[in-house]
Amino acid sequence: NGLVRKALFIVGPTAVGKTDLAFKISKITRSILISADSIQVYRGADIISGKDKSFTTYLIDVLSLDQSFSVQDFVESVRSIVKKSQKEGRLPIIVGGTGFYIDALFGRIDTLSIPPNKALREKLEKLAIKELQEKLKKLSPARFFKMNKSDINNERRLIRAIEVARVQGPTLGMSEPVFTPREVLIIGLRTSMDNLRKRIAERVDKRLKMGAIWEARRLFKNYKELSVQLKKASGYKELFDYLFGKISFEEARKKWIISDCQYAKRQMTWFK
């Protein structure tokens, strides 16, 4: 505690054990937990996203399934929660693997003041990754070449970068940080990719046994109204494809595992 002035971060790839460690620390420290997960914000997206409600955690179950949740929403929510925790004398423990959100808390991205452009997004979502890359490169070479390999191959990140570049032009700005690196202690968890693959496969099977298909069917009834963020999330996308009849159940299971493994690799690249 003497090392930490404002917050503790627990970061790392999916399935590495971040939540378990956060709960253990929270038991022995006067603290509050804050989730840095872009899917667990949705009420009703429970089993597939792997929510654990053993402890009260902020930014879980805060949105309806049709709402969007931007990085700006996340940062301002955390800013407000941190102020509350400071008044109560509690240590904020921020746990999650969405590196984009973590970056934003340190002011490392410049998109916070620019609202989503729904019409533009619908148009851009029809383009291939390479087409999005070329479009961004023309709009803002500086922004394009600043992106890491993971971001440059991520459709959602490219679309957001194009959205921002159309407003800001080719220059890069900075958002006001919630923290500076010296104000926090960051614990990064890691393990071998082989171990992660095993843990991810076991976790997917566990969630299927818990009723992931039932949850997917319930959400699928209102598929058109679901946020794009949720439709494309790992686990949800694959099970929705199964319910559309595009793939078999076993293919959906395998693709879900592969999707989580690919996400874990991108997370480890980002955290390096």
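This note describes the sheet of a predicted model, with attention to strand 1 and its partners.

1. The sheet is open and consists of five strands in the order 3-2-4-1-5, with parallel pairing. Strand 3 (57–58) and strand 5 (184–188) each have a single partner strand and stand at the edges, so one side of each is left without a neighbour in the sheet.

2. Helix 2, residues 71–88, packs on the sheet and touches strand 2 (31–35), strand 3 and strand 4. The direction of helix 2 makes about 175° with that of strand 2.

3. Strand 1 (residues 7–11) runs parallel to strand 4 (residues 91–95), and three bridges join the two. Within this pairing, Leu-8 stands opposite Ile-93, and Ile-10 has Val-95 as its bridge partner.

4. Strand 1 also pairs with strand 5, again in the parallel sense, over five bridges. Here Ala-7 stands opposite Val-184 of strand 5. In general, the strands of a sheet pair through backbone hydrogen bonds, either parallel or antiparallel.

5. Strand 1 is mostly covered, with five of its five residues buried; buried here denotes under 20% relative accessible area. Ala-7, Phe-9 and Val-11 point one way from the strand, whereas Leu-8 and Ile-10 point the other way. Residues pointing in either direction are buried. In a regular strand, side chains alternate between the two faces of the sheet.

Conventions:
Residues numbered from 1 in each chain as written. Predicted model: local features only at pLDDT ≥ 70, side-chain atom pairs only at ≥ 80, totals over all residues. Heavy atoms only, no water. Pairing = 2+ DSSP bridges. Helix = DSSP H or I, 4+ residues; strand = E, 2+ residues; numbered from the N terminus. Contact = heavy atoms within 4.5 Å. Axes fitted to C-alpha atoms, helices over the stretch in contact; angles between N-to-C directions. Buried < 20%, exposed > 50% of the residue type's maximum accessible area, 1.4 Å probe, protein only.
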